[in-house]
Amino acid sequence: MIDIDPKKLPSAAEVKGWSSEQFVAALRHDQSCPGFNPDLRQLIHVGYKVAAQMGDRYLNMLKACEATIAKNVTENLYERHLKPLFVE
């Protein structure tokens, strides 16, 4: 089920004015962060299907940003989800 409250989404103009730090804070799944926006995060997740339909444009951007994406995905999945269950 997709659970997005449109009233809690920032406007495109607001997002255009964000720094990269503000954008990351809104999307990174850190509920202790005051900038975290679960509705925006869910919208981005739903948007992956649209991005994938862009074909090479999307895939080339993934390749160009691979190191950053890999670091963040590893941190999110391993550090926040797997490590607390199995390591600590």
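These notebook entries record what I looked up in one predicted protein model.

**Entry 1. Ground rules**

I number residues from 1 along each chain as its sequence is written, and I use heavy atoms for side-chain values, with hydrogens and water left out. Since the model is predicted, I accept local features at pLDDT of at least 70 and side-chain atom pairs at pLDDT 80 or more, while totals for chains, interfaces and linings use all residues.

**Entry 2. Confidence**

I looked up pLDDT, the predictor's confidence in each residue on a scale from 0 to 100. The protein has a mean of 91, and 99% of its residues reach 70 or more. Among its elements, helix α1 (residues 12-16) has the highest mean, 97, and α5 the lowest, 88. I keep one caution in mind: predicted coordinates should not be read in detail where pLDDT is low.

**Entry 3. Overall layout**

I took helices (H or I, at least four residues) and strands (E, at least two) as DSSP runs, numbered from the N terminus. I find 5 helices and 0 strands, and the order along the sequence reads α-α-α-α-α. Along the principal axes, the C-alpha atoms fill a box of roughly 40 × 35 × 30 Å.

For contacts I required heavy atoms within 4.5 Å. Of the contacts with a separation of 6 or more, 47% are between residues 24 or more positions apart.

**Entry 4. Surface and burial**

I took accessible areas from the Shrake-Rupley method with a 1.4 Å probe; for residues, only the protein chains shown count as cover. The accessible surface of the protein comes to about 7,100 Å², and 60% of this belongs to carbon and sulfur atoms.

I call a residue buried under 20% relative accessible area, exposed over 50%, and partly exposed in between (1.4 Å probe, protein chains only). Buried residues make up 12% of the 88 residues.

**Entry 5. Two single residues**

Is Asn76 buried or exposed? Asn76 is buried, because its relative accessible area is 16%. This residue lies in helix α5. Leaving aside neighbours within four places in sequence, I find Asn76 in contact with His29, Arg41 and His81.

Gln53 sits in the loop between α3 (38-52) and α4. Its relative accessible area is 62%, so I record Gln53 as exposed. I also checked Gln53 against Gly17: they are 36 residues apart in sequence and, C-alpha to C-alpha, 27 Å apart in space.

**Entry 6. Nonpolar patch**

I built patches from residues with over 30% relative accessible area and no salt bridge, joining like charges within 9 Å and nonpolar side chains (Val, Leu, Ile, Met, Phe, Trp, Tyr) within 5 Å. Which residues make the nonpolar surface patch of about 370 Å²? They are Leu59, Leu62, Ile69, Val73 and Leu77.

Helices α4 (56-64) and α5 (66-86) each supply at least two residues of the patch. The largest share, 3 residues, comes from α5. Leu59 is found in α4, and I list Leu59 as partly exposed because its relative accessibility is 40%.

**Entry 7. Salt bridges**

I counted a salt bridge where a side-chain nitrogen of Lys or Arg lies within 4 Å of a carboxyl oxygen of Asp or Glu. How many salt bridges does the protein have by this rule? The count comes to 3.

I took Glu79 and Lys83 to begin with; their closest N and O atoms are 3.5 Å apart. Both lie in helix α5, 4 residues apart, about one turn of the helix. Glu79 is partly exposed, as its relative accessible area is 38%, and Lys83 is partly exposed at 23%.

Lys71, Glu75 and Arg80 are joined into one network by salt bridges that share partners. In this network, the side chains of Glu75 and Lys71 meet at 3.9 Å, N to O. These two residues also both lie in α5, 4 residues apart, about one turn of the helix. The side chains of Arg80 and Glu75 meet at 3.2 Å, N to O.

I then compared the partners by accessibility. Lys71 is exposed, because its relative accessible area is 54%. Glu75, at 26%, is partly exposed, and Arg80, at 30%, is partly exposed.
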